[in-house]
Amino acid sequence: MPKVRVGDIEMFYVEAGAGDPLVLVMGFSADHMAWALQMRAFAERYRVVAFDNRGAGQTDQPDFPYTIPMMAADTVGLMDALGVERAHVLGLSMGGMIAQEIALGWPERVRSLQLHATLARPDAYLSALTETWRAMKRNLPDEDAVRAFQLWIFAPETYAAHPELVETAFRNVMANPHRQSLTGFLRQGDAVRAHDTLDRLGKIRCPTLVSGAEDDVLVPPRFARQLAEGIPGAELRIVPGAGHGYIWERFEEFNRMCLSFLGGGLRPPSDGRERA
């Protein structure tokens with residue numbers, strides 16, 4: 001499978017489809033396989049590039065401090081290596097933080113921006129939560145830690161109506177032969193805690209879609225509203241009945257929302273909620 005040298009690391013990536021480039025930037029701890037329910041749908045219209053961030057999957061996981069701007073530079077370096085001059089950039093969670101820094105640091109490289117389940121600056125609650133996650137990762141057996149983390153990923157409605165989805169997600173994580181190391185987990189966590197674009201959001205000038213989920217307890221929708229208010233002309237969607245993992249819980253709606261925005265057809269309803 002393809003790897004390319006980018007700065008100080010070897011980065012793993014996959015591509016599918018043809019057309020305008022669409023770069024998918026994954027969130028904390030996960031790798032490119034987390035886009036499994038998006039790749040085929042997006043590749044019908046776009047050249048889709050997905051990859052493993054530093055500290056995850058098959059990309060190198062060096063043991064020194066990471067920052068979100070560093071990971072943004074990794075992404076732009078990968079674009080350079082693949083001959084992608086300008087792309088639609090779609091980021092999820094930590095990937096949305098990385099996408100913000102790409103749009104701020106390399107505005108000429110971004111055709112449009114999508115920020116899903118993400119934030120501009122962690123608050124005291126989220127900072128305390130990340131410390132709790134660090135303790136769980138260090139002290140719990142792997143299976144128990146994954147089960148615990150899922151409580152912040154999936155909505156109560158999903159546990160009640162689709163327990164098979166929660167179980168499948170658990171089994172996929174446990175079966176992944178390229179599980180994130182403790183080093184990668186801790187170093188990515190360092191980057192998330194230090195992320196801060198709040199006072200620079202007004203400098204983002206590309207077309208931007210911001211979304212959050214109504215029942216996301218990890219990154220509550222107040223963060224999406226804050227992003228949308230700070231980015232000039234940003235469109236906002238709040239997805240009802242879903243949690244932080246709405247790219248899996250509500251994947252058809254999520255894919256439709258993303259593709260509609262890319263096609264220029266998204267118009268937010270007055271209450272900002274996504275409709276099926």
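**Group meeting: a walk through the predicted chain**

The accessible surface of the chain is about 11500 Å², and carbon and sulfur atoms contribute 53% of that. Keep in mind throughout that this is a predicted model. Of the 276 residues, 57% count as buried.

Now the overall form. The C-alpha trace spans about 45 × 45 × 35 Å along its principal axes. For 276 residues, a compact globule would have a radius of gyration near 19 Å, and the chain has 17 Å, which agrees. The secondary structure comes to 11 helices and 8 strands. As for contacts with a separation of 6 or more, 76% of them join residues 24 or more positions apart.

Next, the charged pairs. How many salt bridges does the count come to? The count is 19. As background, side chains of opposite charge can pair when their charged atoms come close.

I will go through three of these pairs. Glu10 bridges to Arg5, with the closest N and O atoms 3.6 Å apart. Both partners are partly exposed: Glu10 has a relative accessible area of 27%, and Arg5 has 48%.

Arg111 forms a salt bridge with Asp20, and here the closest N and O atoms are 3.0 Å apart. Arg111 belongs to strand β6, residues 110-116, while Asp20 sits in the loop between β2 (9-16) and β3, so this pair ties together parts that are 91 residues apart in sequence. Arg111 is partly exposed at 31% relative accessible area, and Asp20 is also partly exposed, at 35%.

The third pair is Arg121 and Asp199, whose side chains meet in a salt bridge at 3.3 Å, N to O. Arg121 is in the loop between β6 and α4 (124-139) and Asp199 is in the loop between α8 and β7, so the pair ties together parts 78 residues apart in sequence. Arg121 counts as partly exposed, with 30% relative accessibility, whereas Asp199 is exposed, at 67%.

Salt bridges also form a network, which links Asp63, Glu131, Arg134, Arg187, Asp190 and Arg193.

Staying by Arg121 for a moment, we come to Leu198. This residue lies in the loop between α8 (182-194) and β7 (208-213). Leu198 touches Ala120, Arg121 and Gln226, leaving aside residues up to four places away in sequence. Its relative accessible area is 23%, so Leu198 is partly exposed, the cut-off for buried being under 20%. Leu198 and Ile231 are 33 residues apart in sequence, and their C-alpha atoms are 9.6 Å apart in space.

Now a charged residue without a salt bridge. Asp31 is found in the loop between β3 (21-25) and α1 (36-43). Which side chain of opposite charge is nearest to Asp31? That is Arg179, 8.6 Å away. A salt bridge requires a nitrogen and an oxygen within 4 Å, and Asp31, although buried, has none. The side chain of Asp31 does reach the backbone nitrogen of Met33, at 3.0 Å. Leaving out residues up to four places away in sequence, Asp31 touches Met26, Asp52, Gly57, Asn176 and His178.

In the same loop as Asp31, between β3 and α1, is Ser29. Ser29 has a phi near 80°, a positive value in a residue other than glycine. Most residues other than glycine have a negative phi. Ser29 is partly exposed, with a relative accessible area of 30%.

Ser93 also has a positive phi, of about 55°, although it is not a glycine. Ser93 is placed in the loop between β5 (87-92) and α3 (94-105). Is Ser93 buried or exposed? Ser93 is buried, with a relative accessible area of 11%.

I finish with Gln114, in strand β6, the strand that also holds Arg111. At 1% relative accessibility, Gln114 counts as buried. The side chain of Gln114 makes a polar contact with the side chain of His116, at 2.8 Å. Not counting residues up to four places away in sequence, Gln114 touches Val89, Leu90, Gly91, Leu209, Cys258, Phe261 and Leu262.

Methods. Residues are numbered from 1 along each chain as its sequence is written. This is a predicted model: local features need pLDDT of at least 70, side-chain atom pairs count only at pLDDT 80 or more; totals for chains, interfaces and linings use all residues. Side-chain values use heavy atoms; hydrogens and water are left out. Helices (H or I, at least four residues) and strands (E, at least two) are DSSP runs, numbered from the N terminus. Buried means under 20% relative accessible area, exposed over 50%, partly exposed in between (1.4 Å probe, protein chains only). Lys and Arg count as positive and Asp and Glu as negative; His and the chain ends are not counted. A polar contact is a pair of N or O atoms within 3.5 Å; within protein, one must be able to donate a hydrogen and the other to accept it, and residues adjacent in sequence count only if both atoms are side-chain atoms. Contact means heavy atoms within 4.5 Å. The radius of gyration is taken over C-alpha atoms; the globule rule is 2.2 Å times the number of residues to the power 0.38. Accessible areas come from the Shrake-Rupley method with a 1.4 Å probe; for residues, only the protein chains shown count as cover.
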